[in-house]
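Visitor: Please take a close look at the ligand site and describe what surrounds the ligand.

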Amino acid sequence: MNQDSYQTLPERLAAVRARIGAAETRFGRTPGSVRLLAVSKKQEAAAIRAAHGAGQLAFGENYLQEALAKQADLADLPLEWHFIGQLQTNKTRPIAEHFAWVHGLTSAHHAERLSRQRPPDLPPLKVCLEINISGEDSKGGVPPAQAAELLAACRQLPRLELVGLMCLPAPAVGEAAQRQPFRALRELRDRLASLDCPLPVLSMGMSDDLEAAIAEGATLVRVGTAIFGPRH
Ligand SMILES: *Cc1c(COP(=O)(O)O)cnc(C)c1O
């Protein structure tokens with residue numbers, strides 16, 4: 001890991017892309033079927049600009065004020081912004097206005113506000129439901145048993161496009177242990193998906209466990225540290 005600090009950002013980005021490609025091959029996934037979301041929270045706008053220069057278009061941010069400031073700095077670039085932090089009721093409007101995706105939807109109340117506040121000139125906001133798949137009290141997300149109810153509430157909303165599920169499991173050591181919650185999320189998705197609501201996206205996997213997530217069907221991995229280095 002220490003050697004990472006001697007690499008440039010484009011080299012680290014290329015290394016992450018190579019890890020994704022190798023995992024696709026190893027686990028029989030279609031090449032190119034796993035998207036990379038570069039998690040740029042607590043990183044400078046200049047680092048995002050450098051990643052864009054190396055071909056990265058999708059960026060994930062957790063903190064609204066920080067994200068809005070960087071979006072203003074980078075307004076000349078055609079970036080796709082994903083909100084991956086915890087939602088708060090009083091911040092749904094700027095999120096509906098300034099992001100293409102929300103990954104951590106956990107309540108029908110937030111869903112209803114986001115749909116109502118989504119500007120009419122933008123495409124529907126893509127959303128993933130965040131599931132508390134490993135059942136820890138401290139973690140965000142709805143319990144798996146409540147997912148169907150939230151799904152039903154979100155499907156009614158005209159300005160949201162419900163695309164899939166997201167999870168943020170507790171860190172685990174070793175691929176077998178890491179795969180467990182990701183497999184559970186995929187199995188939940190398979191139970192919830194229907195013809196009129198297919199839930200194609202599984203947003204799961206980060207710097208330390210993206211291979212395990214890809215093994216279990218991730219279609220989008222959210223990677224920060226491995227691309228940008230330690231956060232400021
Ligand atoms: C910070 C964060 C990540 C990225 O984590 P790394 O370990 O730096 O890759 C991914 N998803 C969410 C929701 C995060 O908050």
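Guide: What follows goes from the ligand outward to the pocket. This is a predicted model, in which local features need pLDDT of at least 70 and side-chain atom pairs count only at pLDDT 80 or more, while totals for chains, interfaces and linings use all residues. Residues are numbered from 1 along each chain as its sequence is written, and side-chain values use heavy atoms, with hydrogens and water left out.

The ligand is surrounded by 13 residues (a heavy atom within 4 Å), and the closest are Lys-41, Asn-62, Ser-207, Thr-225 and Arg-231. Sorted by class, this shell holds six nonpolar, four polar and three charged residues (Asp, Glu, Lys and Arg count as charged; Ala, Val, Leu, Ile, Met, Phe, Trp, Tyr, Cys and Pro as nonpolar; the others, Gly among them, as polar).

Polar contacts are pairs of N or O atoms within 3.5 Å. The side chain of Ser-207 places an N or O atom 2.5 Å from a ligand oxygen. For the side chain of Arg-222, an N or O atom is 2.9 Å from a ligand nitrogen. At Gly-224, a polar backbone atom is 2.8 Å from an oxygen of the ligand. The protein buries 90% of the 390 Å² that the ligand exposes when taken alone (Shrake-Rupley method, 1.4 Å probe).

The ligand sits in the largest pocket (more than half of its atoms lie within 2 Å of the pocket's grid points). On a 1 Å grid over the protein atoms alone, a pocket is an open set of points where a 1.4 Å probe fits, with protein on both sides within 12 Å along at least five of seven lines; lining residues have an atom within 4 Å of a point. The largest pocket is lined by 31 residues, with Lys-41, Leu-168, Met-206, Arg-222 and Arg-231 nearest its centre.

Key
Polar contact = N/O pair within 3.5 Å; in protein donor to acceptor, adjacent residues only side chain to side chain.
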